[in-house]
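User: I am new to this structure and would like a close look at one part of it. Please keep the sentences short and then place that part in its surroundings.

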Amino acid sequence: MSDVPQHADPDLHAIFGIDAEADGSPEPVISVERAGPVDGGPDREPDIEVERVLEMGPATDEEPLEDSYREPEGSPAEAVDPDSMGITRPSRRGSSQRFLTDVIVAMGLASRRQVDEAVESSRNLGTTPERVLVDNGSLTQDALARALAERYGLDHLDLGVFSVDMSAANLVSTAVAKRYQAVPVAFADKRTLLVAMADPSNVLAVDDIAIMTGYEIRVAVAPPDDIAALVSRLDRLEDVVGEASELVEEEDGGEVVALHETSDDAPVIKLVNQLVGQAVERGASDLHLAPDGRDMRVRFRIDGVLQDVTAVPRRMAAGVISRIKIMAELNIAEKRIPQDGRVGLVVDGRHVDLRVVTLPSVHGEGIVMRVLDKASVVVELDRLGMADPERERFESACRETHGAVLVTGPTGSGKSTTLYAALQLLNTPEKNIITVEDPVEYEMSGLTQVQVSAKVGLTFATGLRAMVRADPDVIMVGEIRDRETAQIAVESALTGHLVLSTLHTNDAPSAITRLIEMGVEPFLVASALDCVVAQRLARMLCPNCKRRTIIPAKVLIDSGYNARMELEAYEPVGCRRCGGSGYRGRVGLYEVMKMTPEIQTMALERKPAEAIRDVAVRQGMTRLRDDGLQKVRQGRTSIAEIARVVGSN
C-alpha cells in the first residue's frame, strides 16, 4: 500500500481513489474487495456517517485500499469515448475543504442567501441543506448532481443524451439498480465499468457492484430521476418483448413467440429482449450482430445509417446467437451455412416481424435481423416528399383502371411505403384490392392481403395467378423477382387490372430494360407499363441545430452538378435532440417517368436505359439527384447526404 499524500483527503482517497487537489491525475477508479456478492441481500441505506465524513473532510489517517482487480473473461473491446455526448468533466479534482453548499454557491446554482436559509432550515427539519434547496424549488435535481460531481471531482452524466451500453447495463439486475440508484452505463476501458449513481458517497453500492461484475468501478453522478427513468426503461425493455400471455396464431399458421421465459436463462434472454426492444423503440430498420474476433459488435440501422450500440461480451455471444436461432426456428447446431427464418413478436403492445439471417464468418456466426413494425402508420401520398409535378404524374397513373405502375430502388429505399400510400389513395368500398407480399409489412383494413409462404409452395407467381381469378380491381405484388412473376404481372395489366409492384433498379428508365432482360417481350412492356417511380431516402437535417452555409461551386461540380455559382444552404451540426448526428428523420427523393409514345417506341426497339433517360428528362422527368439538390435548396437535407444516397453520376 502506498502512503496517502499529505495534501489529499485520506477518506476520499480511500473510498474513491481520488487525489483531491492534484490536477491531471487519472480518472477516479474504485477498487474494492469484499467477502462475497450481496445480490438479493437486504436493502441497505446509504451510510449517513460516510456521507458526513465526505462532506466535512478527513477524520482519520487511513491508507487507500489496495487494488483487487481481476480481468473477467471476454471483457469488452470497446471503451466509452471520454468526449462522449452527455459526459461533463469536473473543472477540478474535487475539494475536501469545501462544503457542498459552498460548491453550489460557487457554481451559481443558488444564491448565498438561499443557501444560508436552507442551512438554518435543515437544522430544524433534520435533513440536509441540499435537500431543502431541492424541496423548495431553489435547486433542481440535475443541478444538485452537477454540484456533487464538481464537489468530488467526478464526471456528471446527462442520461438523456448519453448512449447507454446495454452490455454494461445488463451486468446488474434492475432490482440492484433500483436498490442502489446506480446503473452501469458503459465500459470506461477493458478493466473499468462506468456507473451512473445518484449518491456517489454510497460506498456499499460501489463495493457490491464491483463484486457482482468483477470490474473496477468509475463513478459518475446523475440525477436520481434520470436514473429511475433509465432503470424503468431497462425494466420495460426486458418485459415488453413477448407481452402476449399465450402463443397467437398468425394467418400463415405461424406463431408469435413469447421471448420472456424462465429466470434460469435470464442473462441471455434479458439481453436479447432489451436489444430487440431498444431497436424497435429507436425506430431501427435492421439489427446487426457481428463477431469481431473477441466480442460481438451490435449495430442498429437508423435512418439508413448503421450506428454502433454495444458490444456483447464473448462469453455471452454464443448464447445470444443460439437464443435468436431458437426464436426463428433455425438449426442451432448448423453454423457452417447461412440460414434464414422469421419470428413474430409483440413489442410494447405492437406486432413486430423480424426477418432473421445467419451469416458464417471467419470470426464466427453473425446475425442480421430486419425489423418490420406492422403497426407503423402508413404515410399519406402528399407527405412522402414528392414535388407537385411528380406527385401529379404518379397519382394520375394510380387512378387509371388498368396498366402497371412500378416503384424501383435498392433495399430500404421506401418502395413499400410508397406503394401503401398509393393503396391508401385507392382504398374505396367500390374497389377490390388484393396484395401478395413477403411478408405483409403493413396491415390495412379494406384490403385482402396474402402472405407468401415457401413452406406450403405459395410464391409470388402462384399467389398472383390466384389473385387474377379473384375478380380484383387493383393488384399489388410485393416484388417482381423472376420471369414468371413479371410475365403474369404484365399480362394482368393488359387484361383490365391496375398492377402495382416493385423492382430493383437504380433509376426509372432501367425498369424497362430490366423487364425485357427478364424475358418479357418488348411489345408487352411498352403496352402494359404506364409509370415508373425511382426513389431513395435521404436523412433530413435536424431543425434544431442545422446552420446556414454556403456551398462553393467547386463542391457542387465535384458532386456532379453543372454549377456556375455557389449555393446558400444548410449543413448538419449535431445536438441533443438528434443524438449528435445532425439529422432527424428521412425524406424521399423521386424521379417519375411516364410512358409516353416516344418512350414506348424506344422500348419496342430495345434502346438502352441511358437513351431512354435522356428522352424522359427532355420530356420533364426530374432526376433523383436534381430532386435532391432541390431539397438541399429548401434546407431539408445536405449536399453530403445527397452524394451519399445518390452518388455523383
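Where is Glu329 found, and between which helix and which strand?

Analyst: Glu329 is found in a loop. Helix H12 (314-327) comes before that loop, and strand E9 (339-347) comes after it. The model is predicted, so everything here describes a computed structure.

Start with the backbone. Most residues other than glycine have a negative phi. Glu329 is not a glycine, yet its phi is positive, at about 60 degrees. What about its surface? Glu329 counts as exposed, because its relative accessibility is 60%, and the cut-off for exposed is over 50%.

Gln181 also has a positive phi without being a glycine; the value is about 50 degrees. Its loop lies between helix H8 (174-180) and strand E3 (182-187). Gln181 is partly exposed, with a relative accessible area of 37%. Just before that loop, Arg179 lies over the face of Tyr180, at 5.4 Å from the ring centre.

Now follow strand E3 to Phe187. A search of the whole structure finds 1 aromatic pair. Its members are Phe187 and Tyr215, with ring centres 5.5 Å apart. The planes meet at 55 degrees, so the pair is tilted. Phe187 lies in E3, while Tyr215 lies in the loop between helix H9 (203-213) and strand E5 (216-221). The pair therefore ties together parts that are 28 residues apart in sequence. Phe187 is buried, at 1% relative accessible area. Tyr215 counts as buried too, at 3% relative accessibility.

Further along the chain there is a sheet to look at. It is open and has 7 strands, in the order E14-E13-E15-E16-E12-E17-E20, with mixed pairing. Strand E14 (448-451) and strand E20 (583-594) stand at the edges. Each has a single partner strand, so one side of each is left without a neighbour in the sheet. Neighbouring strands are turned by 20 degrees against each other on average, with direction ignored.

Helix H14 (residues 415-426) packs on this sheet. It touches strand E12 (403-408), strand E13 (433-437), E14, strand E15 (474-477), strand E16 (498-503), E17 and E20. The direction of H14 makes about 165 degrees with that of E16.

Take E12 next. It is mostly covered, with 6 of its 6 residues buried. On one side sit Gly403, Val405 and Val407, and on the other Ala404, Leu406 and Thr408; all are buried. E12 and E16 pair in the parallel sense over 6 bridges. In that pairing, Ala404 stands opposite Val499 in E16. E12 and E17 pair in the parallel sense as well, over 5 bridges. There, Leu406 stands opposite Val532 in E17.

The pairing of E17 with E20 runs the other way. Strand E17 (residues 529-541) and E20 are antiparallel and share 10 bridges. Ala538 stands opposite Val587 in E20.

Helix H17 (residues 510-518) is next. It is largely enclosed by the rest of the structure, because 7 of its 9 residues are buried. The buried ones are Ser510, Ala511, Ile512, Thr513, Leu515, Ile516 and Met518. Gly519 follows H17, and its phi is positive, near 115 degrees.

One more contact of a charge with a ring deserves a look. The charged end of Arg625 sits over the ring of Tyr561, 4.5 Å from its centre.

Finally, step back to the chain as a whole. It has 23 helices and 20 strands. Of its 649 residues, 51% are buried. Among contacts with a separation of 6 or more, 67% join residues 24 or more positions apart.

How far should the model be trusted? The mean pLDDT is 79, and 80% of the residues reach 70 or more. Residues 1-78 stay under 50; the model has 171 contacts beyond four places in sequence for that stretch. Residues 240-264 stay under 50 too, with 58 such contacts.

Back to the part you asked about: Glu329 is an exposed residue in the loop between H12 and E9, with a positive phi.

Definitions and conventions
Residues are numbered from 1 along each chain as its sequence is written. This is a predicted model: local features need pLDDT of at least 70, side-chain atom pairs count only at pLDDT 80 or more; totals for chains, interfaces and linings use all residues. Side-chain values use heavy atoms; hydrogens and water are left out. Helices (H or I, at least four residues) and strands (E, at least two) are DSSP runs, numbered from the N terminus. Buried means under 20% relative accessible area, exposed over 50%, partly exposed in between (1.4 Å probe, protein chains only). Two strands pair if DSSP finds at least two bridges between them. Axes are lines fitted to C-alpha atoms, for helices over the stretch in contact, and angles run from 0 to 180 degrees between N-to-C directions. Contact means heavy atoms within 4.5 Å. Rings of Phe, Tyr and Trp (its six-membered ring) pair if their centres lie within 6.5 Å; planes under 30 degrees apart count as stacked, over 60 as edge-to-face and the rest as tilted. A charge sits over a ring if NZ of Lys or CZ of Arg is within 6 Å of the ring centre and within 35 degrees of the ring normal. pLDDT is the predictor's confidence in each residue, from 0 to 100.
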